[in-house]
Amino acid sequence: MFRSLAVLSVLALGLNPALAQDAPAPAPAAPAVPAATDIVVDPAATLSSAPKQDELLTGFYATMAVIEICALPVPEQIKAGMAGDQKRLEASVGLDEVSAMTAYAKVRADVEATAPDCAEGSPDRASVDAVTAFYAQTDAVPAPGTAAPGAAPAAPAVPAQ
């Protein structure tokens with residue numbers, strides 16, 4: 001009997017590794033969830049909006065370049081509105097008059113190198129038409145605190161008592 005038990009134990013020990021190979025592998029452990037981090041908002045921190053303003057100014061310069069290269073007619077009130085926005089954008093990115101002229105010259109040279117399509121309905125022309133339409137629309141809407149063209153002046157506001 002002792003011999004039977006010894007044979008069974010040897011067989012059992014020898015079969016364990018073989019059975020272990022047939023057993024399915026354990027599932028990989030779930031990734032550990034990172035600990036929540038505290039987000040601190042500093043209201044005194046300065047945020048740089050220069051990259052967005054740079055892109056706006058470059059697009060504005062490109063539109064102006066297409067207008068010039070294609071000799072597109074633009075009404076004076078639209079030109080005036082665009083000139084005001086141009087000055088504001090240039091100031092927002094810190095360009096003085098000389099730097100602004102240099103930046104515009106570079107953008108215009110890039111636009112000229114692409115040989116813009118000046119034909120009615122072309123993508124280049126459609127872009128310019130969209131911008132000038134925007135300025136035509138905003139010109140018709142008076143700015144806050146101003147009267148519409150031809151409208152009677154608004155009565156002065158009476159302070160609350």
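A search of the whole structure, which is a predicted model, finds one disulfide. This bond joins Cys 70 to Cys 118, with a distance of 1.8 Å from S to S, and the link between Cys 70 and Cys 118 is left-handed, with -75° about the S-S bond. The pair connects distant parts of the chain, since Cys 70 sits in the loop between H2 and H3, while Cys 118 sits in the loop between helix H4 (97-113) and helix H5 (123-140), 48 residues apart. The two cysteines can also be described by their accessibility. Cys 70 counts as buried because its relative accessibility is 14%, which falls under the 20% limit for that word. Cys 118, at 28% relative accessibility, counts as partly exposed, because that word covers values between 20% and 50%.

From the disulfide we can turn to the interior of the protein. The largest nonpolar core has 19 residues, and those with the most contacts inside it are Phe 60, Tyr 61, Ile 67 and Met 82. Four helices, H2, H3, H4 and H5, each supply at least two residues of this core, and H2 gives the most, with seven residues. Tyr 61 is a useful residue to follow on the structure: leaving aside its neighbours within four places in sequence, Tyr 61 is in contact with Gln 86, Glu 90, Leu 95, Ala 100, Ala 103, Tyr 104 and Val 107.

A second residue to follow is Thr 132, which has its place in helix H5. Thr 132 counts as buried because its relative accessibility is 12%, again under the 20% limit. When its neighbours within four places in sequence are left aside, Thr 132 is in contact with Ile 67, Val 74 and Ile 78. Ile 67 has already been met among the core residues with the most contacts, and both Ile 67 and Val 74 appear again in the lining of the largest pocket.

That pocket is the last stop. About 190 Å³ of space lies in the largest pocket, and the residues that line it are Met 64, Ile 67, Glu 68, Val 74, Lys 79, Met 82, Ala 83 and Gln 86. Helix H2 (50-69) and helix H3 (76-92) each supply at least two residues of this lining, and the largest share, four residues, comes from H3. Sorted by class, the lining has five nonpolar, one polar and two charged residues. Gln 86, one of the lining residues, is also among the contacts of Tyr 61, while Met 82, another residue of the lining, is among those with the most contacts inside the largest nonpolar core.

How values were computed: Residues are numbered from 1 along each chain as its sequence is written. This is a predicted model: local features need pLDDT of at least 70, side-chain atom pairs count only at pLDDT 80 or more; totals for chains, interfaces and linings use all residues. Side-chain values use heavy atoms; hydrogens and water are left out. On a 1 Å grid over the protein atoms alone, a cavity is a set of points where a 1.4 Å probe fits but cannot get out, and a pocket is an open set with protein on both sides within 12 Å along at least five of seven lines; lining residues have an atom within 4 Å of a point. Grid points are joined across faces, edges and corners, and a volume is the space filled by probe spheres set on the points. Ala, Val, Leu, Ile, Met, Phe, Trp, Tyr, Cys and Pro count as nonpolar, Asp, Glu, Lys and Arg as charged, and the others, Gly among them, as polar. A disulfide is a pair of cysteine sulfur atoms within 2.5 Å. Buried means under 20% relative accessible area, exposed over 50%, partly exposed in between (1.4 Å probe, protein chains only). Contact means heavy atoms within 4.5 Å. A nonpolar core is a set of buried Ala, Val, Leu, Ile, Met, Phe, Trp, Tyr and Cys residues joined through side-chain atoms within 4.5 Å.
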